[in-house]
Every structure is written in structure tokens, then in C-alpha cells.
Amino acid sequence: MPGVGRICRLDVDGTAHRPAGRSHKHSVQSERCSDRNLPDGVIDRADLSGRSLAELFAVFCEMAQITHLGTFEPPAEESS
């Protein structure tokens, strides 16, 4: 969010983060959270595991009450 910083972050199929598992959401809990990369406010979101990036984007927009009117184009895969 401009002027504020991150307000939430989804980690999907990544490293487990206590008290949540590999898929979880971080959210702002204090004025300092954005400066500290949202270390707190962690809730489990196992329901996000295994979803495509397009599905995750749609879920995120719904959670954040964002109306996305454009076309979602996932990033191109990097070649090895």
C-alpha cells in the first residue's frame, strides 16, 4: 500500500512458519510490521496449497476486496 508498505503477505507451499504450516498469511499487527517484513499475524491457510498462481491471485483479490478488471498474466517460467 503506497505510503504504508505491505499490509499482508501470502506464503504458499513454502517454509513452515509457526504457528502455521507451509501455506499461511501474514498481516499487519502494528505500525512497525511493514518495516519488519510482516513477521507477526500469521494464520494457517492450508486451503491455498497446490493452487495455481492465477487461482491464488483471485483468492487474494477476494480477501482484500480488490476488484481486478484487467487480465492476469502469470510471470513467464525461468528456463534452467
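1. Two residues are in contact when heavy atoms of one lie within 4.5 Å of heavy atoms of the other. That cut-off is needed for the point on Met-63 below. The structure discussed here is a predicted model.

2. The sheet. Three strands make up an open sheet, ordered β1-β2-β3, with antiparallel pairing. Strands β1 and β3 are the edge strands, since each of them pairs on one side only. As background, the strands of a sheet pair through backbone hydrogen bonds, and the pairing can be parallel or antiparallel.

3. β1 with β2. Strand β1 covers residues 8-11, and its antiparallel pairing with β2 runs over four bridges. One residue pair to look up in the structure is Asp-11 and His-24: His-24, in β2, is the bridge partner of Asp-11.

4. β2 with β3. Strand β3 covers residues 43-44 and is joined to β2 by two bridges, again in the antiparallel sense. Asp-44 in β3 is the bridge partner of His-24, and Ile-43 in β3 stands opposite Lys-25. His-24 therefore has a bridge partner in β3, namely Asp-44, as well as being the partner of Asp-11.

5. Burial of β2. Is strand β2 covered on one face or on both? Both faces of β2, residues 24-27, are covered. His-24 and His-26 point to one side, Lys-25 and Ser-27 to the other, and all four are buried. Buried here means a relative accessible area under 20%.

6. Met-63. This residue is found in helix α1. Leaving aside residues up to four places away in sequence, Met-63 touches Leu-10, Lys-25 and Arg-45. Among these, Lys-25 is one of the buried residues of β2. Is Met-63 itself buried or partly exposed? With a relative accessibility of 30%, Met-63 counts as partly exposed, because the buried class ends at 20% and the exposed class begins over 50%.

7. The aromatic pair. How many aromatic pairs does the model contain? The count is one. Phe-57 and Phe-72 form this pair, with 4.6 Å from centre to centre and 25 degrees between the planes. The pair counts as stacked because planes under 30 degrees apart are put in that class.

8. Placement of the pair. Phe-57 lies in helix α1, residues 53-63, whereas Phe-72 lies in the segment after α1. The two are 15 residues apart, and the pair links distant parts of the chain. Phe-57 has a relative accessible area of 28% and so is partly exposed. Phe-72, at 28% relative accessibility, also counts as partly exposed.

Notes. Residues numbered from 1 in each chain as written. Predicted model: local features only at pLDDT ≥ 70, side-chain atom pairs only at ≥ 80, totals over all residues. Heavy atoms only, no water. Buried < 20%, exposed > 50% of the residue type's maximum accessible area, 1.4 Å probe, protein only. Pairing = 2+ DSSP bridges. Phe/Tyr/Trp six-rings, centres within 6.5 Å; stacked < 30°, edge-to-face > 60°.
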